[in-house]
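The following exercises are to be worked through with the sequence and the three-dimensional structure at hand. Each task is followed by a solution in steps.

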Amino acid sequence: MQRFDTARRTGVICRAVSLTCAAVLAAAPCYAQPKIDPSRGAAKAAACASCHGSPQRPPLAGMPTLAGQQEQFLVLQMFLMREGLRDVPQMAGTLKDFSDRDLDEVAAYFSRQTPARGGTSTKPKLHARGEVLAKGMACGSCHLGDYTGQRQVPRVASQREDYLAATLKAYRDNKRIGTDTSMNSILYQVPDTDIDALAHFLAYQ
Amino acid sequence: MNSALSRMLRSRAVRTLAMSALALTGAYALAQQMVTPQSKPPSEKAVKARTASGGYKPERMKNPNLAPHAGRMTVTQPSDIPLDKIRVPKGFQVELWAHGMPGVRMMTRGSKGTIWAGTRIIGRVYEIKDQGGVRTHRILAEKLVQPNGVAFQGGNLYVMAINRVFRYDGIEDSPNVKPVELTAAFKLPPEVHHNWKFIAFGPDSKLYVQVGSPCNICEPSDQHGQIRRYVADGSGMEVVARGVRNSVGFDFHPQTGELWFTDNGRDWQAEDGPQDELNRVSKIGQFFGFPYCHAQGIPDLDIKKKDPCKGVTLPVALMGPHSAALGMRFYTGAMFPKDYVNSIFVARRGSWNRTRLFGYDVVNVRATADGRNAKVTPFMTGFMDPKENKFWGRPVDVLQLPDGSLLVSDEQNGAIYRVSHKK
């Protein structure tokens, strides 16, 4: 597969192809994408485990769990970080030499792992407050009722509490971008205390 | 909120541009500046109001697990674009005019034929040249925060990101010109949501700019929920339309010069609406209903007030439930049959906040110059399969070429199609 960078630096030349394209497409399947191979992703992903700890919970503060994360979410976020659209210096270095295909395969690998669960909360009041907020803000609509996510919407269940809190605050403060602005919108003006409760609740799902 | 906002805007130093010319493409890398609102912490009451009645009500929908569809950020090869699925009326043809530009959205055209196109999340502005029937493109700017707005006047290209504004002087003659930053002059609010800009120059030579409401449903501040116009240098701001939720497309009537605009209806009220709108501004400063009154007079379920539709200018046409009616232009060309003249082409990016997909097409709207007798007809379809409830393409903008053919941008496939007609 052609490296994304090469494609864009050289510019892509296109012709008026309506008739030929239609003829070719009639005979060939339209979505002949290369088959994604998670095992190839495993080799590429070996470097990730020291920080992300997959499939266990990550040992480092503020670090997300990748195991069981949504495949499409992983691809898009890695793309944003590789391209410098989402500014995470450590990741930009790691992803520098990843092709689009590498992103697909690494995402396929992590998304097929079974994540470690968060255990039981020892702060029932904070947990209860977080639950009220999560229901009131309808987090489960996009992230689903068990908060495992769908498509580009990430699994937030059983992530590290410090990671969740920092991410939610970054969205509120427009320091973090997603693939749309839903999170910026939903967290508009939500105070730290409520974000901390939400993060606590979700970390123990 | 407003005084906090204006304090913040005053205190923010005009940013300098970090530029590094990329030798290969001549593109400028514009250092990304994420926008940080510094509004004071909200009260407990404000948050309660938000969580209790912020309008996110999945229980009102048949499928409570609806979420926006993610775009594709990697290049789609022409062989993966099923052009043969696109349907247009008899006598029209569709060709793949340009491709390889992930996230391509709003388009404008220079006086010497260059096309520029904005994007959202991928942060780029593409420049496309047609050289003897072959299209080439380069990335003019990158790493901006949602540079959706592009417009051209007097030899200069204007690019508008969420709250940054650039002018590329004489760009068709000086392709490597450094942009002039006009951000400070335009004083746009920093909120990201619904604030990717649509911009266009009016017949009065002023720059019209949308500033959406930063929410699904809320009482917007007096800085939001409006379409404004400015002198091209950012001075002389006036609010042209109020009570706007999120307009991502407008144009000026070829006969009257009046502003007509599309507006996206709110989510989570019902699967079947309130429908998106096509509006006409017959008086500067008119109020179009958001957040109290939607579509053809539907009161909001969350933000309630007495007589919610009193004083509200109702739409010329309803554009479908959650259809995301975005880019629109009046047709003035000589190529299409005569009855298309002064009609409107509207790109509908397609729904996410309903169980059955809706939109994913380009429609043609015919109405009298004063906005009566509107009729919406499908024009370019096939991007969505209603049986499978799946889509493969998302039309976002339309742009007429001098020969009367119509360009249609497809954000999902990073492609631009050209629709032409043979007599």
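**Exercise 1. Determine how many residues lie between β29(B) and β30(B) in their hairpin, and which residue in the turn has a positive phi.**

Step 1. Strands β29(B) and β30(B) form a hairpin, and four residues lie between them. Strands here are DSSP runs of E with at least two residues, helices are runs of H or I with at least four residues, and both are numbered from the N terminus.

Step 2. In the turn, G414(B) has a positive phi of about 60°.

Step 3. The two strands pair in the antiparallel sense over five bridges; strands count as paired if DSSP finds at least two bridges between them. D410(B) has A415(B) in β30(B) as its bridge partner.

Before continuing, note the conventions. This is a predicted model, in which local features need pLDDT of at least 70 and side-chain atom pairs count only at pLDDT 80 or more, while totals for chains, interfaces and linings use all residues. Residues are numbered from 1 along each chain as its sequence is written, and chains are lettered from A and ligands numbered from 1 in the order in which they are written.

**Exercise 2. State in which order the four strands of the open sheet in chain B are arranged, and which strands stand at the edges.**

Step 1. The order of the open sheet is β2-β30-β29-β28 (chain B), with antiparallel pairing.

Step 2. The edges are β2 (92-98) and β28 (395-400) of chain B; each has a single partner strand, so one side of each is left without a neighbour in the sheet.

Step 3. At one edge, β2(B) is joined to β30(B) by six bridges, and Q93(B) has S420(B) as its bridge partner in β30(B). At the other edge, β28(B) pairs with β29(B) (residues 406-410) over five bridges, and L399(B) stands opposite L407(B).

Step 4. From one strand to the next, the twist averages 25°. Strand β30(B) (residues 415-421) is mostly covered, with six of its seven residues buried. A residue is buried if 20 or more other C-beta atoms lie within 10 Å of its own, exposed if 12 or fewer, and partly exposed in between, with C-beta atoms placed from the backbone.

**Exercise 3. Establish how many residues of β17(B) are buried, and which strands pair with β17(B).**

Step 1. Seven of the seven residues of β17(B) (residues 275-281) are buried, so this strand is largely enclosed by the rest of the structure.

Step 2. Strand β16(B) (residues 259-263) runs antiparallel to β17(B) and is joined to it by five bridges. Here L259(B) stands opposite V281(B).

Step 3. Strand β21(B) (residues 317-321) also pairs with β17(B) in the antiparallel sense, over three bridges. The bridge partner of E277(B) in β21(B) is L318(B).

Step 4. L318(B) is also touched by Q296(B), as are L314(B) and P315(B), not counting residues up to four places away in sequence. Two residues are in contact if their C-beta atoms, placed from the backbone, lie within 7 Å. Q296(B) is in the loop between β19 (293-294) and β20 (298-299) of chain B, and counts as partly exposed because it has 14 C-beta neighbours inside 10 Å.

**Exercise 4. Describe at what angle helices α8(A) and α12(A) cross, and which classes of residue make their contact.**

Step 1. Chain A has 12 helices and zero strands.

Step 2. The axes of α8(A) (residues 124-136) and α12(A) (residues 192-203) come within 7 Å and cross at roughly 100°. Axes are lines fitted to C-alpha atoms, for helices over the stretch in contact, and angles run from 0 to 180 degrees between N-to-C directions.

Step 3. The crossing therefore makes α8(A) roughly perpendicular to α12(A). Angles of 65 to 115 degrees count as roughly perpendicular, under 35 as roughly parallel, over 145 as roughly antiparallel and the rest as oblique.

Step 4. Among the residues making the contact are L126(A) and L133(A) of α8(A), and L198(A) and F201(A) of α12(A). By class, the contact has seven nonpolar, three polar and three charged residues. Ala, Val, Leu, Ile, Met, Phe, Trp, Tyr, Cys and Pro count as nonpolar, Asp, Glu, Lys and Arg as charged, and the others, Gly among them, as polar.
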